[in-house]
Amino acid sequence: MKKYKAFSKVNVFLKISGKRGNYHEIVSRFMRVNDLFDELSFVSKEKVGTNSNEFGIIGDFACKTEENTIYKAYKALKSATNSEALEKLMQTHAVMVEKNIPAFAGLGGGSSDAATYLKMCNEVLHLGLSLNELAAIGLQVGADVPFFIYGYASANVSGIGEVVEAYDEELLDFEVFTPDVKIATPKVYSAYRENFYEPIDGFATQKLKETPSKEILQSMSAKEANDLFAPALQEYKELKEHYRQGYFFSGSGSSFFKVKEKEA
Ligand SMILES: C[C@@](CO)(OP(=O)(O)O)[C@H](O)COP(=O)(O)OP(=O)(O)OC[C@H]1O[C@@H](n2ccc(N)nc2=O)[C@H](O)[C@@H]1O
Ligand SMILES: Nc1ncnc2c1ncn2[C@@H]1O[C@H](COP(=O)(O)OP(=O)(O)O)[C@@H](O)[C@H]1O
């Protein structure tokens, strides 16, 4: 059975440029973490001994199936395509997930699983959807999903996550650690809105979008690079104890990362 990789990401920088309803417009560099990924595959229910017709996800998850991003992606794909073949596939097969990306981590694990599931269905069922169409369906599941649909190693992401522009640069090798602090993304964004709101201007945005990730990580501090770090520290005081000098904060947390030192 073919296995599909669902990579994780870090936000090399994440700046807020404005508000859109309850959401925030961001300007962010997303970079794939090449050695941290989940693996997804379709397995026949017969083979794994389930005979239920219900949507099946096999894997180590803390949430209910209805809350799983993979299930949400299924619902969004079904309503976009009305595909009977999709319904049939999910009656006879379950999605097997080898979960390696920690949850509540700012590494986009749930979003990446959703994107990978959409791409798997598109391929297996020959749905013929373009990446743009898949990204629009994915956006209904989560703001980070479009980045994973396009599959770029590095990209400038803006809007609330729907504008994804490939950025051509060397892929960096990251060291990542995830403190056991369960961060809720909406809580961090609302703390930002209440106490730290200072949107970036067009000039600074353009400069950041043009600067290679390596330079950004050499020249900015963790707080400068990520507008969500200060509000996350305010809301989750214990984060401070986990912070190590020289590391950067990914997304709304709780993961920290830095470029791996080259071995001599
Ligand atoms: C912060 C980032 C950075 O990459 O990722 P994570 O740290 O979660 O991985 C993203 O902006 C998060 O993406 P994601 O976690 O997919 O967000 P969603 O599920 O779509 O939204 C959860 C909630 O976060 C807030 N939200 C999300 C995205 C955004 N641009 N502005 C927001 O204000 C909204 O309150 C929304 O209801
Ligand atoms: N496929 C999934 N993988 C991981 N977490 C998921 C998934 N589907 C839903 N969740 C739920 O999403 C939340 C964390 O999302 P996740 O994408 O792992 O973190 P983050 O957005 O911080 O990168 C948790 O509430 C988790 O239970």
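Author: A residue is buried if 20 or more other C-beta atoms (placed from the backbone) lie within 10 Å of its own, exposed if 12 or fewer, and partly exposed in between. This is a predicted model: local features need pLDDT of at least 70, side-chain atom pairs need 80 or more, and totals for chains, interfaces and linings use all residues. Residues are numbered from 1 along each chain as written, with chains lettered from A and ligands numbered from 1 in written order.

Reader: Is Leu-107 buried or exposed?

Author: Leu-107 sits in the loop between β4 and α4 (strands are DSSP E runs of at least two residues, helices H or I runs of at least four, numbered from the N terminus). Around Leu-107 there are 27 other C-beta atoms within 10 Å, so this residue is buried.

Reader: Which residues does Leu-107 touch, not counting those up to four places away in sequence?

Author: Contact means C-beta atoms within 7 Å. Two of the partners, Ser-250 and Ser-255, carry high residue numbers. The full list is Ser-8, Lys-9, Val-10, Val-33, Ile-101, Pro-102, Ser-250 and Ser-255.

Reader: Why does Pro-102 count as partly exposed?

Author: Pro-102 is in the loop between β4 (93–98) and α4 (109–124). Beyond four places in sequence, Pro-102 is in contact with Leu-107, Gly-109 and Thr-178. Pro-102 counts as partly exposed because its C-beta neighbours inside 10 Å number 18.

Reader: Which residues does UniProt place under "binding site"?

Author: The feature comes from an unreviewed entry; such annotations use the numbering here and may be inferred rather than shown by experiment. Pro-102 and Leu-107 are among its residues. The record gives Pro-102, Ala-103, Phe-104, Ala-105, Gly-106, Leu-107, Gly-108, Gly-109, Gly-110, Ser-111 and Ser-112.

Reader: Which residues does the UniProt annotation "active site" cover?

Author: This annotation also comes from an unreviewed entry, and it covers two residues, Lys-9 and Asp-144. They span 136 residues in sequence, yet their C-alpha atoms are no more than 9.6 Å apart, so they gather at one spot. The names are Lys-9 and Asp-144.

Reader: Where is Lys-9 found, and is Lys-9 buried or exposed?

Author: Lys-9 touches Phe-30, Met-31, Arg-32, Val-33, Leu-107, Gly-108 and Phe-147, leaving out residues up to four places away. Lys-9 is found in strand β1. Its C-beta neighbours inside 10 Å number 29, so Lys-9 is buried.

Reader: Which residues is Asp-144 in contact with, leaving aside neighbours within four places in sequence?

Author: Asp-144 is in the loop between α5 (131–139) and α6 (145–150). It is buried, with 28 other C-beta atoms within 10 Å. Its contacts are Gly-108, Ser-111 and Gly-161.

Reader: How far apart do the C-alpha centres of domain 1 and domain 2 lie?

Author: An automatic or database assignment sets the bounds. Domain 1 covers 4–166 and domain 2 covers 174–259. Their C-alpha centres are separated by 23 Å.

Reader: Which element supplies the largest share of the side of domain 1 that touches domain 2?

Author: In this interface, 22 residues of domain 1 are in contact with 27 residues of domain 2. β1 (4–20), β2 (23–44) and β5 (154–159) each supply at least two residues of the domain 1 side. The largest share is nine residues, and it comes from β1.

Reader: Which residues come nearest to ligand 1?

Author: A residue is near a molecule if its C-beta atom lies within 6 Å of it. The shell around ligand 1 draws at least three residues from each of domain 1 and domain 2. β1, β2 and α7 (185–196) each supply at least two. Of the 19 residues, the nearest are Gly-106, Gly-142, Ala-143, Tyr-189 and Gly-251.

Reader: Which element gives the largest share of the shell around ligand 2?

Author: Here 18 residues surround the ligand, with Cys-63, Ala-103, Gly-109, Gly-110 and Asp-113 closest. α2 (69–81) and α4 each supply at least two residues. The largest share, four residues, belongs to α4.

Reader: What is the strand order in the open sheet of three strands?

Author: Strands pair when DSSP finds at least two bridges between them. β7 and β9 are antiparallel over four bridges, and two bridges join β8 to β9 (256–259), also antiparallel. β7 (174–177) and β8 (248–249) are the edge strands, each pairing on one side only. The order is β7-β9-β8.

Reader: Which residue in β9 does Val-176 stand opposite?

Author: Val-176 belongs to the covered face of β7 with Phe-174, while Glu-175 and Phe-177 form the uncovered one. Phe-248 has Phe-257 as its bridge partner in β9. Val-176 likewise stands opposite Phe-257.
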